[in-house]
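Colleague: Could you give me a close account of one part of this model, beginning at one end and following the chain of neighbours from there? I should like the surroundings described residue by residue where that is possible.

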Amino acid sequence: MLPPRIPPNNPIQVQKNGMIHPDDAIRQTDDDASSSRASAISLGYLEDPFSKLLYKSNLSIPNSGISNNRKPPLINIGTHHRTIGLDKIINEFLNSGNKNEKKQIVSLGAGSDTRFWRLMSQSNSTKISKYVEIDFPHLTSPKAQRISRFKSLQFALSSNSSYIEYENENENSSNSINKIFEISKGGTKLNSELYTLLPIDLRTSSSSSSSSTSTKTTTIKEILSEELLPILNFNLPTLFLAECLFPYLNPKESENIISWFGENFNKCLGLIYEMIGINDSFGKVMKRNLSSRNLSLPGSEPFPTPKSQADRFLNSNLGKGVFTSSQVKTLWQIREEIIDQEELQRISKLEILDEIEELKLVLEHYVIAWGVKGECLQNVGI
Ligand SMILES: C[S@@+](CC[C@H](N)C(=O)[O-])C[C@H]1O[C@@H](n2cnc3c(N)ncnc32)[C@H](O)[C@@H]1O
């Protein structure tokens, strides 16, 4: 029997009237992130056995062995530095505090990200009591299908399983493994002991009340409380990751999300990765390229500098003491201060890079910013 067909990631939704959905351009950004990761992996910058299971490029030509995934060196190096920088902070979070203390992670706008599976194949995986991923249902649906199809992804869902790479991934999952997770909401939600995949639009949304024709506005804080509080423990250190998400939300929406996490968890680490400098000459080119794809970045305008990104955790609108300290590093600083010389030497041999000045310019336009509440991060090695 043929395995169930898995649609390409993030298929374009053509509506009944023939129009393309206005959110499609945003949803397609997952393809940018995942194809960059696939390129960096295929060239040896990163190791990640899970990427090929969770991401199937729309650009590959089926059965031809041809993949259009190779990105320019600047993008591959940026993807490497961003991954190493975020991994470093996330591992410090997992290793901080009491040895036996469990930790929770919520990845917002996770798309086809593989980080959960990479973390669960490492030694500190036992520290994770829950990992939640959130995205539009159009993205969670193919991800849930892939998880239910590939046994090499299911090891991470339960504390009783461990990682085995299966040779024949095309076989349907065995019944015994299937019992460790359940799929609901028309195939868009997946729930298991250690991992939950949730279909949520992270913007403020409205819904019609059942009793009348009036429309009730549901705030993003209400949605997060309803969906996350039943599955998370507010006493456990909790990290939220917004990797290339907030630029697509309006600033008030991202502020509400940051404040919700700070208000609800006693120990919280907020971690943001995104572009800065949207109005300088580099940023303007980027903005023009994106607008030709119908994409705008309403959430980037108010945060054009590294400091403005760090300060969003200390913004007085969040309320007093929601986050107590914050830091930020550009990807150039991550390269200079955090990544081992040996590793830089290794990747320098993978491709020829013409211009270090150009690399510096690009890397200075991306930052990792983090805000801390309570004791949940000891030392980022900086
Ligand atoms: C550039 S991708 C990044 C994916 C992933 N974080 C990574 O770095 O590999 C942005 C992701 O945010 C998601 N996203 C954007 N706006 C969203 C919203 N309002 N609600 C939920 N997800 C959203 C997109 O669907 C997409 O998967």
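**From a hairpin across the sheet**

Modeller: Strand 4 and strand 5 form a hairpin, with two residues between them. The model is a predicted one, and the description below should be read accordingly. The two strands of this hairpin run antiparallel and are joined by two bridges; strand 5 spans residues 195-199. Within the pair, Asn-191 stands opposite Thr-196 of strand 5. Asn-191 also serves the other neighbour, being the bridge partner in strand 4 of Glu-182. That second pairing is between strand 3 (residues 181-184) and strand 4 (residues 189-192), again antiparallel, over four bridges. Strand 3 and strand 4 make a hairpin as well, with four residues between the strands, and there Lys-185 adopts a positive phi near 50°.

These strands belong to an open sheet of nine strands, in the order 3-4-5-2-1-8-9-11-10 and with mixed pairing. Strand 3 and strand 10 (325-330) each have a single partner strand, so they stand at the edges and one side of each lacks a neighbour in the sheet. From one strand to the next, the twist averages 15°.

At the other edge, strand 10 pairs with strand 11 (residues 366-373) in the antiparallel sense over six bridges, and Val-328 stands opposite Ala-369 of strand 11. Helix 13 (residues 331-338) packs on the sheet here, where it touches strand 9 (268-275), strand 10 and strand 11. The direction of helix 13 makes about 90° with that of strand 10.

Further inside the strand order is strand 8 (residues 238-243), which contains Glu-243. What relative accessible area does Glu-243 have? The value is 11% and the cut-off for a buried residue is under 20%, so Glu-243 counts as buried. Its side chain makes a polar contact of 2.7 Å with the side chain of Arg-82. Not counting residues up to four places away in sequence, Glu-243 touches Arg-82, Leu-86, Leu-108, Gly-109, Asp-113, Arg-115 and Tyr-273. The C-alpha atoms of Glu-243 and Ala-110 are separated by 7.6 Å, although their positions lie 133 residues apart along the chain when counted as a separation in sequence.

Two of the residues touched by Glu-243, Arg-82 and Gly-109, lead to the ligand. Around the ligand there are 21 residues, of which Arg-82, Gly-109, Asp-135, Asp-201 and Leu-202 come nearest. Oxygen atoms of the ligand lie 2.9 Å from a polar side-chain atom of Arg-82 and 3.1 Å from a polar side-chain atom of Arg-37. At Gly-109 a polar backbone atom is involved, and the distance to a nitrogen atom of the ligand is 2.8 Å. On its own the ligand has 590 Å² of accessible area, and the protein covers 99% of it.

Asp-201, one of the residues that come nearest to the ligand, links this region to Arg-203, which is found in the loop between strand 5 and strand 6 (205-208). The side chain of Arg-203 makes a polar contact of 2.7 Å with the side chain of Asp-201, and another of 2.7 Å with the side chain of Asp-23. Leaving aside neighbours within four places in sequence, Arg-203 is in contact with Asp-23, Ile-26, Phe-136, Ile-220, Leu-249 and Glu-253.

A last residue to consider is Glu-255, in helix 10 (residues 251-264). Its relative accessibility is 14%, and because buried means under 20%, Glu-255 is also classed as buried. The side chains of Glu-255 and Asn-315 make a polar contact of 3.3 Å. Beyond its neighbours within four places in sequence, Glu-255 is in contact with Asn-315, Asn-317 and Leu-318.

For the wider setting, the protein has 15 helices and 11 strands, and 51% of its 382 residues count as buried. Among contacts between residues at least 6 apart in sequence, 77% join residues at least 24 apart. The protein exposes about 18,000 Å², with carbon and sulfur atoms supplying 50% of that area.

Key: Residues numbered from 1 in each chain as written. Predicted model: local features only at pLDDT ≥ 70, side-chain atom pairs only at ≥ 80, totals over all residues. Heavy atoms only, no water. Buried < 20%, exposed > 50% of the residue type's maximum accessible area, 1.4 Å probe, protein only. Contact = heavy atoms within 4.5 Å. Areas by Shrake-Rupley, 256 points an atom, 1.4 Å probe, with all protein chains shown as cover. Pairing = 2+ DSSP bridges. Near = heavy atom within 4 Å. Polar contact = N/O pair within 3.5 Å; in protein donor to acceptor, adjacent residues only side chain to side chain. Axes fitted to C-alpha atoms, helices over the stretch in contact; angles between N-to-C directions.
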